[in-house]
Every structure is written in C-alpha cells, then in structure tokens.
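Here are my notes on the model, point by point. Please read them with the coordinates open.

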Amino acid sequence: MPGRAKLMIDVRTVEQDTDIIIRKKLERFFPDTKISILVKGSPISNNTDLPIIQQFLDIQKKHAGKNISFKKGFGSHDGRFLAEKGIPIIATQPGGGNAHTQWEWVCVNELVLFHQILVDFFQMT
C-alpha cells in the first residue's frame, strides 16, 4: 500500500451552499484529511422574466415554432464571470452530441436555425 493517496472531488453547488458548508460536509466524510479548494466559480441563476430573456424566447419561438425550455446544468462556462456582475446569461446551443470528444457533432439544420435566431436577436438588441 502506498504511504499516501490523493483524491480530487469536483463539487458543483447551488447558490445557498458556501465554502464553509461544503468543507464541513467533506470533513465529515474524510476526517483527518487535508482539504483544499483548487478552483472556485459562482453558479449562474437568471430571472427568466427579464425583458431581454423574454425577447430571446420570442425570437426563438418565431423561428423554431416552439417554446424553449429552461433546464439546470452542471457544466461551467465563462458566462459565470458576467453573471457575477449581474449581467443576464443565456447559455444555448444548436443540437448535437458527444461534446468535447473526437466524435462531437452538430446538426446542420439546427445550426442554420441557431444562426437565424442569433442574427435576429442581435439586430433587435
């Protein structure tokens, strides 16, 4: 057996969680262990009733013929830096699959639709 081991845990949190709460939870599971926070970022939470977000939804519905649905995500992106400053974020993408792999793909029809939505949105704002 090796004399020591290293474990890295990727913790994604909701707004109410703080470093102290997370650290206490980890210390309960891993007593007598050194715990370090290597990277920290704020979660993104939007008010979906904001006019700019509603405008985007209207444009998306006009082009796609259906309502957009919001979902919670556990990924990370640079939008968190803007959200920390109170700037609303819309994280969206055309349909595809196998993100960040050598088999990543995007649906061409959805890419064209996505382009049309973005052009209309940016011309309007």
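**Notes on burial, charge pairing and a pocket**

1. Q60 counts as buried, because its relative accessibility is 9%, and the cut-off for buried is under 20%. Keep in mind that this is a predicted model. Q60 sits in helix α2, which covers residues 51–64. Which residues does Q60 contact, leaving aside neighbours within four places in sequence? They are G65, K66, N67, I68 and I117.

2. How many salt bridges does a search of the whole structure find? The search returns one. The partners are K62 and D120, and their closest N and O atoms are 2.9 Å apart. This pair links distant parts of the chain. K62 belongs to helix α2, while D120 belongs to helix α4 (residues 108–124). The two are 58 residues apart.

3. Is K62 buried or exposed? K62 is exposed, because its relative accessible area is 60% and the cut-off for exposed is over 50%. Helix α2 therefore carries a buried residue, Q60, and an exposed one, K62.

4. R80 deserves a look. Its place is in helix α3, residues 79–83. R80 is buried yet has no salt bridge. What is the nearest side chain of opposite charge to R80, and how far away is it? It is D78, at 5.1 Å. A salt bridge needs the nitrogen within 4 Å of a carboxyl oxygen, so D78 at 5.1 Å does not qualify. Setting aside residues up to four places away in sequence, R80 touches G41, S42 and I44.

5. L26 lies in helix α1, which runs over residues 19–29. Beyond residues up to four places away in sequence, L26 touches I9 and I35. Now take L26 together with K66. They are 40 residues apart along the chain, and their C-alpha atoms are separated by 43 Å. K66 is also one of the residues in contact with Q60.

6. The second largest pocket holds about 230 Å³ of space. Which residues line this pocket? The lining consists of Q93, P94, G95, G96, G97, N98, A99, H100, E104, W105 and V106. Two strands, β1 (96–97) and β2 (105–106), each supply at least two residues of that lining.

7. What is the make-up of the lining of the second largest pocket by class? There are four nonpolar, six polar and one charged residues. Glycine is classed as polar here, so G95, G96 and G97 fall in the polar group. E104 is the charged one, because Glu counts as charged.

Key
Residues numbered from 1 in each chain as written. Predicted model: local features only at pLDDT ≥ 70, side-chain atom pairs only at ≥ 80, totals over all residues. Heavy atoms only, no water. 1 Å grid on protein atoms, 1.4 Å probe; cavity = no way out; pocket = protein on both sides within 12 Å on 5 of 7 lines; lining within 4 Å. Points joined across faces, edges and corners; volume = space filled by probe spheres on them. Helix = DSSP H or I, 4+ residues; strand = E, 2+ residues; numbered from the N terminus. Buried < 20%, exposed > 50% of the residue type's maximum accessible area, 1.4 Å probe, protein only. Lys, Arg positive; Asp, Glu negative; His and termini not counted. Contact = heavy atoms within 4.5 Å.
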